[in-house]
Amino acid sequence: MIRNHTHYLDPKVISKIKGLDIIARMVVEGFLVGLHRSPYHGFSVEFAEHREYIPGDELKYVDWRVYGKTDRYYVKVFEEETNLKAYLIVDKSASMGFGSQGISKLEYVKYLASALSFLLLRQKDAVGLLLFSKKLDSYVAPSARRNHLNTILKELNQLQPSGETSLSNVLLELAEKIKRRGLIILFSDLFDDYESIIRSLKVFRHKKNEVLVFHILDPAEISFPFRGDVLLRDMETREKITVESRTLKHEYKRKILRLINSYKKDFRNVSIDYQLLNTENTYDTALLSYLSKRKRMN
Amino acid sequence: MFHILNPLYLSALAFAAVPLVFHLLGRRRIREKPFSSLFLLKEVRKASSMWMRIKNLILLILRMLFIIFVVAAFSHPLILSPVSFLGSEAPGSTGILVDVSLSMGVEGILDKARNEIIRISNSFGGRSNMHLVSFSDRIEKEEEVRSISNINSFLNDIKVTYRGTNMRKALEFSQKKLSDKNAFVKRVFIVSDFQKYALEDLQNVFEKMHKQGIEIYASRIERSVENLYFSGFRMVPSFPLSNLQLKMYPKIIRDKKQDYTVEFFLSGLIKGLKKSTVNTFFEINSGNWGYKSGYFHIDGDKLSLDNDFYFSFYVPQSLKVLLIAEENRASYVSSALAPGIKSPIEVETLSRKSLLGVKTDKYDFVIFYDTGMDKFIETQMLHFLSEGVGILIVMGERFRDDANQKILSDIQVLDEKDAKQGFFSVKTVDTGFEPLSGLKHKGLENLYDTKIFRYFKLDSEFRNVIVAKNGDPLMVVGNVNRGKVVIIPFAIEPQWTQLPYKAIFVPLMYRLAFYLSKKREKIPEFRVGESISIASSKKEKEPFFLLPDGRKKSASVVAKGNELFYVLKNTNLPGIYRFIPGPGDTIPVAVNVKEEESNLDAFSFEELKAIFPNIKSSVEFKRFAEKGKRWVDLFPLFLILSILCITAELVLENR
């Protein structure tokens, strides 16, 4: 059973299922089942439901009343009460449409964002969604209502990659828009001017926002698996260049790793959480990153 | 100096364009792939694009060079070796044509040819391919040979044929064969005894081959002295008798620098021997009479006669003539033939009535002088003729009564009234008729007061040998049965003709006498492939034939009437066969090839050279072409270069 649920954390599996609401539910449930024995359990303060006792659960959460009635051990599961506003900022530029493993980066983000929305709303957090490419294309104001999930999922469902990235401008624009501090979750491949990205994210930190950056990359963008002469077309600018992959590969890999490391280092320096996700990674990595962040925020 | 062995292969150089085409097509065909962002790649590409271009260009050059070098290697470029120890004979293609016509069947000749072919083939290097052709008047056998064992097997298989020679077919065959081959040197060796007739109409073939650079070598197979043959002979009796001449034909080919024994076989009447000309003509002096046989030995200008084997003839002591005539009627004829006691011709005159019971074998020939032509005379004439005894018919008054009747065989005088007297100018003297040979019109131009029987009907065996200007016959000759007949259609008397007063009369009678006394004997002449049949009246004990190659074969005996024939079937070698009826006895028989196939008809090398200036003797053959220079084949060099190219290409490609 557990195995079945965790199975849905695999992007390749999940991509075969239709309906983002189902996907979000499956990913989160699969994730939560896997969390039973993790340190994150019991984070909710409002009772939500009972579940069967598993050795290792703290005894203080055992509902003795239920034990008295049923002779079985059940623990109380609580929902955390929160007034957190989370902003899911999704880069929908054309480069996010790239996918070498059957699932594009944007699709990966779509499922991940859906799952996170589901999780956030379940925790009574308000969730907002911002989609951008060169400019801010769509904005869903944060809300904690249960049916807000549908609004978000509807937006995500219509998501199509298009346009060039101008990440820094959009982030600055967003920084102006978000008045109340909250959690900023950015999904992007970060293919833009490095300094500008760092600078613009710093603005969020100045405004006491928590920032979590999911750096989404396709495996091909890391390993550069092409052979021989290839004519590559930039998915954003449509510019074409012919490259001799064998001679470029090594240097390219070196560069991309250096870029990743730089992001890691510089984001850490400004207390921004950074998580590299390649589209082969299961979603639990991303969800754990979020939960970790959320815990620290508490 | 540079030479390409297989120049046609160079056309494959066009394939060198293939990598270029692929290169150009490949550039167009690079598949376009979308990629999220190129900003990182652009930075990296700046450094690598130049190297990539250079590398692609080098790869293209290496691929093209690989093809060029492979093609160059297989086209076998040759360069003249700069040093004596480097290089080898240039690869060549050789045709060896061996004559297996009848003439090559003479004892030992084909073996000589075989040895010559082995000698020639041994002198080639291993780089010459060779085809062997045996020919007569057609291609008998042909084979591509690669090793000495192939050659030996081919040589063992070839056989002499009974066919003539046609060298043209063999040369054209070889020329075509060599044209198809790529070789630095192309040669044809002709191993033959080079009969003249076999070389007719070859000039243009030789020229064509010369233009194609094909060297032609002649390996002339010389025959040994025992193997010289005549296809025939004839007697030319001259006047007077002491200078009888034997004219041999065809010509004897003789190398003036060498003395050698000539072996030949004769049959006929000759008196004495003396060589009078170097090549073709022998004058025979009167001398001992009787049967002669022996060697002719040509030694300088001398021709000696040894009593030995291989030719035989009979020299008669004198001629005995029977003259049937009325007394005193034929005095001019008898006086002309036997003028005195020492005359070689003895004339016995008998009247017509005394003719009955005369023995025919007693006389060399008979003259019927105006006997007329009744049944009795005709029977007597045919009796003599059936025994091979020649007759001279002199027609006079008695024949007038027989006009319009058959005189002899199918000779008929058409009209008695046409036996008229007149003045005759001679128009034709047939000098091909032996007694008239060399006479032409001498003394015969005009015959005054001649009365002749004019109109004759002749059958095909008879012909006019002296004809008057008005077409009247003055002498008619022919053969009946085994005997010769000469008819003079007028009486040799002053009342009929002025001929007895002419200077030509006595020599003419002499000539006629010797002509008629020579019996019509078929010259025993055998050819290869035929059977030898020798008649004998008695049965021999252990008869056998000795073949030209020394083998013995027993003779089979065939009886025909009273006569026995000793037969050797299917002679397969030309040369002298000896029939040995018993101990101490030998009858030589010549078995000839055709005249054209005889050695008498062969060319010497000098004669060949005069006709075909480009022909070389096989002894001139040099193994290394171009005056002994060695050639270096660049095949390995280009092969190594091509391997280096492909290796470099692979290394660069995978870097």
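The exercises below concern a predicted model with chains A and B.

In this predicted model, local features need pLDDT of at least 70 and side-chain atom pairs count only at pLDDT 80 or more, whereas totals for chains, interfaces and linings use all residues. Residues are numbered from 1 along each chain as its sequence is written, chains are lettered from A and ligands numbered from 1 in the order in which they are written, and side-chain values use heavy atoms, with hydrogens and water left out.

**Exercise 1.** Describe the contact between chain A and chain B.

Solution.
- Step 1: 30 residues of chain A are in contact (heavy atoms within 4.5 Å) with 24 residues of chain B.
- Step 2: The buried area (accessible area, 1.4 Å probe, that two parts lose on being put together, summed over both) is about 2700 Å², and carbon and sulfur atoms give 67% of it.
- Step 3: Helix H9 (219–223), strand E8 (229–234), strand E9 (240–244) and helix H10 (245–269) of chain A each give two or more residues to the side that touches chain B. Helices (H or I, at least four residues) and strands (E, at least two) are DSSP runs, numbered from the N terminus.
- Step 4: H10(A) gives the most, with eight residues.
- Step 5: By residue class, this side of chain A has 15 nonpolar, three polar and twelve charged residues. Ala, Val, Leu, Ile, Met, Phe, Trp, Tyr, Cys and Pro count as nonpolar, Asp, Glu, Lys and Arg as charged, and the others, Gly among them, as polar.

**Exercise 2.** Find the strand of chain B that pairs with E8(A), and the residue opposite Arg233(A).

Solution.
- Step 1: E8(A) pairs with strand E2 (residues 32–35) of chain B in the parallel sense, over four bridges. Pairing requires that DSSP finds at least two bridges between two strands.
- Step 2: Opposite Arg233(A) stands Pro34(B) in E2(B).

**Exercise 3.** Count the salt bridges between the chains and over all chains, then place the one formed by Arg114(B).

Solution.
- Step 1: A salt bridge is a side-chain nitrogen of Lys or Arg within 4 Å of a carboxyl oxygen of Asp or Glu.
- Step 2: Between chain A and chain B the count is zero, while the structure holds 22 over all chains.
- Step 3: Arg114(B) forms a salt bridge with Asp111(B), with the closest N and O atoms 2.9 Å apart.
- Step 4: Because they are three residues apart in helix H3 (residues 109–122) of chain B, Arg114(B) and Asp111(B) are separated by about one helical turn.
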